[in-house]
Amino acid sequence: MLDRGSYTTKILGSGGIYPYESKIERYLSDMRDYFIDRKAVEEILSSGRNPLIYVVYEISRELRGELNVGCTVIYPGKIGDEYHFTKGHFHSNVTTGEVYIGVSGEGLILMQDKNGAFNVGEIETGTVVYVPPGFAHRAVNTGKTELVFLAVYPSDAGHDYETIMRTGFAKIVVERGGRPTLIDNPNYRRI
Ligand code: M6P
Ligand code: ZN
């Protein structure tokens with residue numbers, strides 16, 4: 001699939017990148033504990049549906065100083081009132097940052113550090129978002145089409161999903177009056 005001696009890949013839009021090394025699919029069943037409306041989650045799953053929320057096409061490298069490339073495609077939609085999003089993570093290596101580059105669609109990037117400092121950035125075609133070291137990051141698709149973006153991050157960054165799971169993000173993105181709206185997360189636990 002990927003020739004390790006080749007250093008180029010191509011952005012295919014909602015098809016991700018090609019070639020890539022690995023493809024990760026996240027279905028609603030993989031994100032049971034993430035969406036705020038647990039009742040909506042269980043209703044969808046018990047009706048036999050299990051929507052694909054997002055896919056990540058990734059090329060990872062090994063040595064310190066090398067850079068990984070990921071292309072994430074978040075499918076449009078909501079669970080209850082809440083727009084589809086990525087799980088969100090801190091980096092295990094807290095000294096590492098990341099850059100997101102918008103390819104198509106529209107959405108938001110939520111960023112939050114361990115002291116609770118919160119930041120939000122818009123992402124659409126051509127947007128470049130810098131995620132500083134120490135900030136957990138989650139992308140949210142607020143549009144009607146796939147949100148596609150590239151991510152570039154150090155090969156030794158690592159994904160820490162647990163820390164942000166313990167508190168949740170301070171804000172969530174829901175539809176209010178037909179529009180995406182950032183509201184306080186009622187389940188947010190400051191530590
Ligand atoms: C981006 C990068 C990846 C990440 C992916 C999905 O492509 O940040 O490292 O895996 O988004 O985000 P998450 O891992 O939080 O589900
Ligand atoms: Zn990251």
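Q: Which residue stands opposite Ile59 in β5?
A: This is a predicted model. Strand β4 covers residues 52-59 and is joined to β5 by six bridges. The two strands run antiparallel. Opposite Ile59, in β5, stands Val69.

Q: Which residue of β14 stands opposite Leu67?
A: Strand β14 spans residues 147-154. It pairs with β5 in the antiparallel sense, over eight bridges. Across from Leu67 in that strand is Pro154.

Q: How many of the eight residues of strand β5 are buried?
A: Strand β5 runs over residues 67-74. A residue is buried when its relative accessible area is under 20%. The strand is largely enclosed by the rest of the structure, because the number of its eight residues that are buried is six.

Q: Which residues of strand β12 point to one face and are buried?
A: Strand β12 takes in residues 128-131, and its side chains alternate. Val128 and Tyr130 point to the other face and are not buried. The buried pair is Val129 and Val131.

Q: Which residue stands opposite Val128 in β12?
A: Strand β9 holds residues 98-104. Four bridges join β9 to β12, and the two run antiparallel. The residue opposite Val128 is Ile101.

Q: Which residues coordinate the zinc ion (ligand 2)?
A: The donor atoms sit at 2.0 to 2.2 Å. Along the chain the donors follow the spacing H-x1-H-x6-E-x38-H. Three histidines bind through NE2 and a glutamate through OE. The residues are His89, His91, Glu98 and His137.

Q: Why is the arrangement around the zinc ion (ligand 2) irregular?
A: Four donors count as tetrahedral if all angles lie between 85 and 135 degrees. Around the zinc ion (ligand 2), the arrangement is irregular because the four donor atoms subtend angles of 84 to 160 degrees.

Q: Is Glu98 buried or exposed?
A: The cut-off for buried is under 20% relative accessible area. His91, another zinc donor, has 6% and is buried. Glu98 has a relative accessible area of 3%, so Glu98 is buried.

Q: Where is Thr86, and is it buried or exposed?
A: Thr86 lies in the loop between β7 (82-83) and β8 (90-91). Beyond its neighbours within four places in sequence, Thr86 is in contact with residues including Met31, Tyr54 and Arg138. Its relative accessibility is 9%, so Thr86 counts as buried.

Q: What is the relative accessible area of Ile36?
A: Ile36 is found in the loop between β3 and α1 (38-46). Leaving out residues up to four places away in sequence, Ile36 touches Glu82, Ile172, Asn185, Pro186 and Asn187. Ile36 is partly exposed, with a relative accessible area of 27%.

Q: How far apart in space are Ile36 and Ile79, C-alpha to C-alpha?
A: Along the sequence, 43 residues separate Ile36 and Ile79. In space, their C-alpha to C-alpha distance is 8.5 Å.

Q: Which peptide bond is cis, with omega near -5 degrees?
A: Pro19 lies in the loop between β2 (17-18) and β3 (22-27). The cis bond leads into this proline. It runs from Tyr18 to Pro19.

Q: What is the radius of gyration of the protein chain?
A: The secondary structure comes to two helices and 17 strands. The C-alpha trace spans about 50 × 35 × 30 Å along its principal axes. With 191 residues, a compact globule would have a radius of gyration near 16 Å. The protein chain agrees, at 16 Å.

Conventions. Residues are numbered from 1 along each chain as its sequence is written. Chains are lettered from A and ligands numbered from 1 in the order in which they are written. This is a predicted model: local features need pLDDT of at least 70, side-chain atom pairs count only at pLDDT 80 or more; totals for chains, interfaces and linings use all residues. Side-chain values use heavy atoms; hydrogens and water are left out. Donors are N, O and S atoms within 2.8 Å of the metal (3.2 Å for Na, K and Ca); water is not among the atoms, so sites may look incomplete. Four donors count as tetrahedral if all angles lie between 85 and 135 degrees; four count as square planar and six as octahedral if opposite donors are over 155 degrees apart and all others between 65 and 115; anything else is irregular. Buried means under 20% relative accessible area, exposed over 50%, partly exposed in between (1.4 Å probe, protein chains only). The radius of gyration is taken over C-alpha atoms; the globule rule is 2.2 Å times the number of residues to the power 0.38. Two strands pair if DSSP finds at least two bridges between them. Contact means heavy atoms within 4.5 Å.
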